[in-house]
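Hi,

Here is the model I promised to pass on. Have a look at it first, and my notes follow underneath.

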Amino acid sequence: QLQLVESGGGLVQDGGSLRLSCAASGPTSSSSAMGWFRQAPGKDRAFVAATSWNGDNTYYADSVKGRFTISRDNAKNTVYLQMNSLRPEDTAVYYCAASVLAQMTYGRAYRKQEYDYWGQGTQVTVSS
């Protein structure tokens with residue numbers, strides 16, 4: 001059983017940066033593919049980024065490509081989402097997710113149904 005705890009959210013101005021962290025605890029946390037999703041009010045939870053267990057493969061939604069970077073430090077059992085050039089449309093609750101799989105193709109990584117464990121979410125608000 002994995003437990004995921006996100007942190008690092010907050011209020012930032014248009015064009016600013018934030019780094020989200022997801023601390024994982026559990027016997028398989030360092031061997032799990034991990035992802036970030038976000039959910040804005042009134043919208044479905046949407047894929048943001050994902051990484052394989054060792055960070056060799058990363059995937060991004062088109063809307064964040066070039067602005068966001070996902071990374072992980074397995075020694076700390078932590079996954080990060082560095083968010084630069086933030087826009088008001090990035091405002092959402094951001095969720096960390098883990099799969100029982102070590103890696104996934106993009107065709108699976110963007111699907112929230114492919115993830116088995118979820119954190120409680122952290123709010124990111126970008127003001128214009």
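**The cavities**

Ala-24, Ser-29, Ser-30, Met-34, Arg-72, Asn-74, Asn-77, Thr-78 and Val-79 line the largest cavity. A cavity here is a set of points, on a 1 Å grid over the protein atoms alone, where a 1.4 Å probe fits but cannot get out, and lining residues have an atom within 4 Å of a point. Before going further, the ground rules: this is a predicted model, in which local features need pLDDT of at least 70 and side-chain atom pairs count only at pLDDT 80 or more, while totals for chains, interfaces and linings use all residues. Residues are numbered from 1 along each chain as its sequence is written, and side-chain values use heavy atoms, with hydrogens and water left out.

The volume of that largest cavity is about 40 Å³, where a volume is the space filled by probe spheres set on the grid points, joined across faces, edges and corners. Its lining splits into 3 nonpolar, 5 polar and 1 charged. (Nonpolar covers Ala, Val, Leu, Ile, Met, Phe, Trp, Tyr, Cys and Pro; charged covers Asp, Glu, Lys and Arg; the others, Gly among them, are polar.)

The structure holds 2 cavities of 30 Å³ or more. The second largest has a volume of about 30 Å³, and its lining includes Ala-33, Met-34, Tyr-59, Gln-103 and Tyr-115. That lining has 7 nonpolar residues, 4 polar and no charged. Met-34 is found in the lining of the largest cavity and also in that of the second largest.

**The four-stranded sheet**

An open sheet is built from 4 strands in the order β1-β3-β8-β7, with antiparallel pairing. Its edge strands are β1 (3-7) and β7 (68-73), each of which pairs on one side only. From one strand to the next, the twist averages 15°. For the terms: strands are DSSP runs (E, at least two residues) numbered from the N terminus, two strands pair if DSSP finds at least two bridges between them, and the angles run from 0 to 180 degrees between N-to-C directions of axes fitted to C-alpha atoms.

At one edge, β1 pairs with β3 (residues 18-25) over 5 antiparallel bridges, and Gln-3 sits opposite Ser-25. At the other edge, 6 antiparallel bridges connect β7 to β8 (residues 78-83), with Phe-68 facing Met-83. These two strands make a hairpin with 4 residues between them, and Asn-77 in the turn has a positive phi of about 50°.

Side chains alternate nicely along β7: Phe-68, Ile-70 and Arg-72 point to one face and are buried, whereas Thr-69, Ser-71 and Asp-73 point to the other and are not. Buried means under 20% relative accessible area, exposed means over 50%, and partly exposed is in between (1.4 Å probe, protein chains only).

**Cys-96 and β9**

Cys-96 belongs to strand β9 (residues 92-98). Is it buried or exposed? Cys-96 is buried, at a relative accessible area of 0%. The strand as a whole is mostly covered, with 6 of its 7 residues buried.

Leaving out residues up to four places away in sequence, Cys-96 touches Leu-4, Glu-6, Cys-22, Met-34, Gly-35, Trp-36, Tyr-117, Trp-118 and Gly-119; contact means heavy atoms within 4.5 Å. Cys-96 and Arg-38 are 58 residues apart in sequence, yet 8.7 Å apart from C-alpha to C-alpha.

β9 also has several antiparallel partners. With β4 (residues 34-39) there are 6 bridges, and Trp-36 stands opposite Cys-96. With β11 (residues 122-127) there are 3, Ala-92 facing Val-124. With β10 (residues 117-118) there are 2, and Ala-97 has Trp-118 as its bridge partner.

**Ser-7 and Gly-8**

Ser-7 lies in β1, while Gly-8 is in the loop between β1 and β2 (10-13). Ser-7 counts as partly exposed at 38% relative accessibility, and so does Gly-8 at 33%. Beyond their sequence neighbours, the contacts of Ser-7 are Arg-19, Leu-20, Ser-21 and Thr-122, and those of Gly-8 are Leu-18, Arg-19, Leu-20 and Thr-122. The C-alpha atoms of Gly-8 and Gln-103 are separated by 25 Å.

Cheers

Notes:
1 Å grid on protein atoms, 1.4 Å probe; cavity = no way out; pocket = protein on both sides within 12 Å on 5 of 7 lines; lining within 4 Å.
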